[in-house]
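User: I would like to go through this model question by question. Please keep the answers short and end each one on the value or name I ask for.

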Amino acid sequence: MFSKILIANRGEIALRILRACREMGIRTVAVHSTADADAMHVRLADESVCIGPPSLTESYLNKAAILSAATITGAEAIHPGYGFLSENASFAELVEEHGISFIGPNPEHIRMMGDKIQAKITMKQFNVPLVPGSDGALQDIATAYKIADEIGYPVLIKAAAGGGGRGMKVAYSKDELEEAWKVARTEAQMAFGNDEVYLEKYLDNPRHIELQIIGDSYGNVVHLGERDCSLQRRHQKVLEEALSPVLTDEQRQKISSIVTNAMKNLKYRNAGTLEFLYQDGHFCFIEMNTRLQVEHPVSEYVSNIDLVREQICVAAGEKLSFIQNDIHLRGHSIECRINAEDPVTFAPSPGTIKMFHPPGGLGVRLDSALYQGYKIPPYYDSLIAKLIVYAPTRTEAIARMKRALEEFVISGVNTTIPLHQAILNDEEFQRGEYTIHWLENFIAKNQQ
Ligand code: MV4
């Protein structure tokens with residue numbers, strides 16, 4: 001096992017990783033920008049290294065500075081958290097070339113899944129269900145017309161290097177296809193330096209359901225059930241839950257056995273998430289994330305597994321300490337992402353935290369790097385806390401979340417707590433009747 005890990009991240013996820021390390025007896029190195037000198041992750045780490053000025057490219061994305069920090073402190077491994085360098089295959093390679101372990105998958109798997117076309121081709125080989133569309137990259141506009149005619153409009157043109165909602169163009173009919181193709185390719189070239197695109201049937205009203213897996217270096221893979229992440233605004237998730245309110249045990253069993261089989265064949269190591277669109281009772285794979293995700297705590301609650309501890313263990317070459325039959329998915333968990341934003345306009349609301357009173361009690365977890373007097377810097381994203389609850393049933397989890405949100409006091413900045421309270425009080429939400437479009441409609445309706 002490692003004796004010292006460098007955490008290449010900030011905010012709540014840096015704390016989350018630090019806590020796992022502490023419990024495992026592993027020393028920690030924090031890295032930070034000059035804007036984060038007073039941040040909680042710096043205060044709690046055993047050592048810290050300033051890696052640059054506030055701008056991301058010069059600090060948290062600065063590969064050379066992070067590698068130097070690892071080398072001078074003698075860290076044996078780097079945990080990238082989420083975002084930043086977590087899915088950067090070149091960085092993972094560079095880390096390994098320096099004799100340091102990257103706490104993530106091997107770089108080939110990062111690269112494979114970063115190319116959304118390659119990801120789909122790979123999954124198809126293992127009979128993972130896909131959205132109907134082109135087999136691989138679209139070579140020319142004639143092929144696009146042909147496939148669109150076969151599967152029917154509307155269709156989407158997506159960038160191979162895209163993902164997370166970036167680089168998509170919809171064509172509702174034949175006369176929109178050429179324009180969508182041109183714009184998608186131009187934008188993909190400008191955004192990613194890669195104009196490869198593919199075509200998919202556009203699903204008009206799906207849910208976003210994703211499956212959490214973890215694998216070790218020996219081809220052992222287990223799943224921890226799914227998360228329903230349909231509640232999002234402009235491709236930013238707002239509230240997630242595990243398990244999904246709409247899946248039966250049989251549906252879960254079927255899709256998860258297909259997915260774990262695929263991951264075993266790939267010998268995938270690390271935590272990973274397979275994203276699906278779910279509509280009319282069918283799963284369609286769209287993308288795979290090869291990192292720890294923001295919303296991992298809801299899966300931890302229902303599976304009783306510490307995902308960060310397991311990530312560290314498998315990166316250190318250990319075998320998973322459990323098999324699928326040891327995992328019993330129980331109860332219900334909900335996460336509210338609390339952002340320092342205006343709850344109506346969603347404009348960022350940085351500033352100094354005047355009062356901070358966290359909620360507590362049975363089945364309540366708060367992952368946050370806030371403290372009273374902390375000044376939220378304006379340079380980074382606006383997530384300031386993740387409030388996660390667990391209860392035996394979904395109904396009780398909703399009641400517990402409402403109770404916890406009422407207890408929560410954050411003053412000095414605006415937060416999205418009122419938005420969460422409105423969602424939790426909505427009857428459609430309470431019945432679990434929502435898709436990826438529900439939240440934007442809900443917000444529009446409530447603003448009238
Ligand atoms: C789609 C889709 C409908 N049909 N693909 C957006 C993010 C990226 N991960 C994939 N996305 C979508 N792909 C097909 N074939 C609709 C979306 C989509 C979406 C997906 C998940 C969560 C929220 C979303 C919001 C808008 C569109």
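User: Which side chain makes a polar contact of 2.7 Å with the side chain of Arg337?

Analyst: A caution before the answer: this is a predicted model. Arg337 lies in strand E14. Arg337 is buried, with a relative accessible area of 11%. Its side chain is joined by a polar contact of 2.7 Å to that of Glu240.

User: Is Ile376 buried or exposed?

Analyst: Ile376 lies in strand E18, residues 375–376. Its relative accessibility is 9%. The cut-off for burial is under 20%. Ile376 therefore counts as buried.

User: What distance separates the C-alpha atoms of Ile376 and Ala35?

Analyst: Ile376 and Ala35 are 341 residues apart along the chain. In space, their C-alpha atoms are separated by 9.4 Å.

User: Into which domains is the protein divided?

Analyst: The assignment gives domain 1 as residues 4–103. Domain 2 covers 132–201. The remaining entry is 207–446, domain 3.

User: How far apart are the centres of domain 2 and domain 3?

Analyst: The centres are taken over C-alpha atoms. For domain 2 and domain 3, the separation is 30 Å.

User: Which domains each give at least three residues to the shell around the ligand?

Analyst: The ligand is surrounded by 18 residues. Among the closest are Lys158 and Glu287. Lys158 falls in the range 132–201 and Glu287 in the range 207–446. The domains that each supply at least three shell residues are domain 2 and domain 3.

User: Which strands each supply at least two residues of that shell?

Analyst: Two of them are strand E6 (155–163) and strand E8 (197–201). The others named are strand E12 (270–279) and strand E13 (282–289). So the list, by the DSSP numbering of strands, reads E6, E8, E12 and E13.

User: How many of the shell residues are nonpolar?

Analyst: Sort the shell around the ligand by class. Five residues are polar and five are charged. The nonpolar count is eight.

User: Which polar backbone atom lies 2.7 Å from a nitrogen atom of the ligand?

Analyst: Two side chains also come up here. A polar side-chain atom of Lys158 lies 2.9 Å from a ligand nitrogen. An N or O atom in the Glu200 side chain is 2.8 Å from a nitrogen atom of the ligand. The backbone atom at 2.7 Å belongs to Lys201.

User: What share of the ligand's accessible area does the protein cover?

Analyst: On its own, the ligand has 520 Å² of accessible area. The share covered by the protein is 93%.

User: Why is strand E11 largely enclosed by the rest of the structure?

Analyst: E11 spans residues 236–242. E11 pairs antiparallel with strand E10 over four bridges. It also pairs antiparallel with strand E14, again over four bridges. E11 is largely enclosed because the buried count is six of its seven residues.

User: Which residue in the hairpin of E10 and E11 takes a positive phi?

Analyst: Arg233 has Gln236 in E11 as its bridge partner. Two residues lie between the strands of this hairpin. The positive phi, near 50°, belongs to Arg234.

User: Which residue in E14 stands opposite Glu241?

Analyst: E14 covers residues 332–339. It runs antiparallel to E11. Opposite Glu241 stands Ile334.

User: Which residues of helix H10 are buried?

Analyst: H10 spans residues 296–303, and seven of its eight residues are buried, so the helix is largely enclosed. Just after H10, Asn304 takes a positive phi of about 60°. The buried residues are His296, Pro297, Val298, Ser299, Glu300, Val302 and Ser303.

User: Which strands are the edge strands of the open sheet of five?

Analyst: The order is E3-E2-E1-E4-E5, with parallel pairing. Within it, E1 and E2 are joined by four bridges, and Lys4 has Arg27 as its bridge partner in E2. An edge strand pairs on one side only, and that describes E3 and E5.

User: Which residue in E19 stands opposite Val364?

Analyst: Val364 and Leu366 point one way from strand E17, Arg365 and Asp367 the other, and all are buried. E17 and E19 pair antiparallel over four bridges. The residue opposite Val364 is Val389.

Methods
Residues numbered from 1 in each chain as written. Predicted model: local features only at pLDDT ≥ 70, side-chain atom pairs only at ≥ 80, totals over all residues. Heavy atoms only, no water. Near = heavy atom within 4 Å. Polar contact = N/O pair within 3.5 Å; in protein donor to acceptor, adjacent residues only side chain to side chain. Areas by Shrake-Rupley, 256 points an atom, 1.4 Å probe, with all protein chains shown as cover. Nonpolar A, V, L, I, M, F, W, Y, C, P; charged D, E, K, R; others polar. Domains from an automatic or database assignment. Buried < 20%, exposed > 50% of the residue type's maximum accessible area, 1.4 Å probe, protein only. Pairing = 2+ DSSP bridges.
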